[in-house]
Amino acid sequence: MIRVRCSIRHLDKMNQFATVFDLKGIYDIPPFSLVKQEKDAFYLDALYSLTKHHYENCFQYQKILDTIGFDPTIKHNLEDMPPIPVRLFKDYDLLSVDKSQIIKTMTSSGTTGQSVSKIFLDRITSINQTKVLAKIVSDFTGEKRLPMLIVDTKSVIKNRNLFSARGAGILGFSMFGRDITYAIDEDMQLDFEMVEAFLKKHKDENILIFGFTFIIWEYFYKKLAETGKKLALQNGIMIHGGGWKKLNENAVDNKTFKYSLESVCGIKKVYNYYGMVEQTGSIFMECDAGYLHSSIFSDVRVLKTDFSICGLNETGLVQLSSLLPYSYPGHIILTEDTGEIIGEDDCSCGRFGKYFKIYGRVLDAEIRGCSDTHEAI
C-alpha cells in the first residue's frame, strides 16, 4: 500500500484545530497520512486546549491536576501531560459539560458484582465519535457499505440511551453495513438458517462481519467446529475486538483465532481492533502486517514502572490519548493493559503513525473487556 502525505492546505487547517472541537480542521485528512513531526505539531495544541477545558469544567479533574501540581495554563510537552487512570470512571461521574447537555451514557461491561465505567456524551462528542470511527474503519473496508453479518444478538442494543460498550460497538459499526443480520438468537445460539439465507442472498458479494472476539469464538466458531458445518465466508471481511482475556487463558492467541475461523468458514481477512469505552470512536485497527495503528485522532505511549516512557520494543503500561472526549475528561487515560510500540511511520502496510501490540492486562487488574461475559447486555 502506498500512503500519500497530506497537503499544505490540510496542514494549515490543522493549525486552527486547537479551538475547534467539531473536527472540521482535520476531518478531511486521511486518518493515517501524517508523519510524527506533522502530527505532533497540532496534537500538542489540541490536547493542551482539551486539558484546559476539562480543568475549568470538571471539579474532580481539576482536583487531580492541582494535587499533582500540574499547571494547565502552561503549554507542556506531550510526554509531560498527565493521564488519569481508567478506574476513576468507575468511581466518579466525570463530566466537563452541564448534565443537561448529556444525550447518551455509555457503560463498560463487566462480570456480575463489578462496578462499571460510566461515560457521559454530549452531542459534540457523540457526533465526533461517529465521524472518526467511520474515517478509520473505511480506510480498511472501503467507502462502500457492505452486506453485514453481526455475530451477536439484537437484544444487546435495546436501550439506546444507556449503552454498554458492546452495544455501542455494534451500533457504531452498523453504519458500515446494509441488510444487517444478527447471527445469534435471543438464547445465544447460532442461527444457522438465518446465516445461510443471508449468505445465499449475497452470494459472490463482499460481506462485512462484526463481533466481539470472545462472542465470535464461543458462540460462532465453537458451534461450527462442534457441528462440522461450514459457512461460505471466503469473501468476508471480519472486524472484531475485546474479550481476549478469556481466550488467552485458553491458549487462543490472534494467530490461532484467525487460523481457526478460516478452517470453518474460509475467511482470510480478519482484523482485530483495540479500543476502550473511555475513548470510543478513536479505535486502533490491526493492519495486514498484524500491528495495531494509531490514527491522526489518537496516540499511544508505553510507560515503565516509574512512569517514564518506554523506547521501541519495550513492554510497559499503555497510555492512550484521543482528541474526541469533550464532555468528559477522557482525552488522556492510563489503561490497565500492557503493550509494546514496534515502530512509527514505517510499517510495511504503508500507514503512517505508531504501530504496536497489546499483550493483556497488568497483574491483578480486573477483567474489564467489553465482551468477556454475555450476561452484561
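**Entry 1: Glu286**

I began with Glu286 and found it buried, with a relative accessible area of 2%. I note at the outset that the model is predicted. Glu286 is found in strand S10, which covers residues 284-286.

I then asked which side chain makes a polar contact with the side chain of Glu286. The partner is the side chain of Asn254, at 2.7 Å. I also looked up the backbone around this acid: the backbone nitrogen of Asn272 lies 2.7 Å from a polar atom of the Glu286 side chain. The carboxylate residue is thus recorded with a side-chain partner in Asn254 and a backbone partner in Asn272.

For the wider surroundings I listed the contacts of Glu286, leaving out residues up to four places away in sequence. They are Phe140, Asn254, Lys258, Val270, Tyr271, Asn272, Tyr291 and Leu292. Both polar partners, Asn254 and Asn272, appear in this list.

**Entry 2: Glu278**

I moved to another glutamate, Glu278, which lies in the loop between strand S9 (269-274) and S10. Is Glu278 buried or exposed? Its relative accessible area is 0%, so I entered it as buried, the limit being under 20%. The side chain of Glu278 makes a polar contact with the side chain of Ser117, at 3.0 Å.

**Entry 3: His54**

I next examined His54, whose place is in helix H2. With 0% relative accessibility, His54 counts as buried.

Which backbone oxygen does the side chain of His54 reach at 3.0 Å? I found that of Pro325. The backbone oxygen of Tyr328 lies 3.3 Å from a polar atom of the His54 side chain.

Not counting residues up to four places away in sequence, His54 touches Tyr61, Ser96, Pro325, Tyr326, Tyr328, Pro329 and His331. I also recorded a separation for His54 and Leu95: they are 41 residues apart in sequence and 8.3 Å apart in space, C-alpha to C-alpha.

**Entry 4: Strand S4**

I turned to strand S4, residues 146-150, and asked how many of its residues are buried. The count is 5 of the 5, so S4 is largely enclosed by the rest of the structure.

I looked up its pairings. S4 is joined to strand S6 (residues 177-182) by 4 bridges, and the two run parallel. Leu146 has Gly177 as its bridge partner in S6. S4 is also joined to strand S7 (residues 207-212), by 3 bridges and again in parallel. On that side, Met148 stands opposite Leu208 in S7.

**Entry 5: The largest cavity**

I searched for enclosed space and obtained 1 cavity of 30 Å³ or more. About 70 Å³ of space lies in the largest cavity.

Its lining consists of Tyr43, Leu47, Leu78, Asp299, Arg301, Gln319, Leu320, Ser321 and Ile332. By class, these residues divide into 5 nonpolar, 2 polar and 2 charged.

Which elements each supply at least two residues of this lining? I found helix H2 (36-57), strand S12 (298-303) and strand S13 (315-322). S13 contributes the largest share, 3 residues.

**Entry 6: The second largest pocket**

I then inspected the second largest pocket, which has a volume of about 280 Å³. It is lined by 22 residues, and those nearest its centre are Lys36, Asp40, Arg301, Glu344 and Lys354. Arg301 is also listed in the lining of the largest cavity.

The lining of this pocket has 8 nonpolar, 5 polar and 9 charged residues. H2, S12 and strand S14 (332-344) each supply at least two of its residues, and H2 gives the most, with 4 residues. H2 and S12 are likewise named among the elements that line the largest cavity.

**Entry 7: The whole protein**

I closed with overall figures. The protein has 10 helices and 15 strands. Buried residues make up 57% of its 377 residues; Glu286, Glu278 and His54 are buried too. What share of contacts between residues at least 6 apart in sequence joins residues at least 24 apart? The value I recorded is 72%.

Note on methods: Residues are numbered from 1 along each chain as its sequence is written. This is a predicted model: local features need pLDDT of at least 70, side-chain atom pairs count only at pLDDT 80 or more; totals for chains, interfaces and linings use all residues. Side-chain values use heavy atoms; hydrogens and water are left out. On a 1 Å grid over the protein atoms alone, a cavity is a set of points where a 1.4 Å probe fits but cannot get out, and a pocket is an open set with protein on both sides within 12 Å along at least five of seven lines; lining residues have an atom within 4 Å of a point. Grid points are joined across faces, edges and corners, and a volume is the space filled by probe spheres set on the points. Ala, Val, Leu, Ile, Met, Phe, Trp, Tyr, Cys and Pro count as nonpolar, Asp, Glu, Lys and Arg as charged, and the others, Gly among them, as polar. Buried means under 20% relative accessible area, exposed over 50%, partly exposed in between (1.4 Å probe, protein chains only). A polar contact is a pair of N or O atoms within 3.5 Å; within protein, one must be able to donate a hydrogen and the other to accept it, and residues adjacent in sequence count only if both atoms are side-chain atoms. Contact means heavy atoms within 4.5 Å. Two strands pair if DSSP finds at least two bridges between them.
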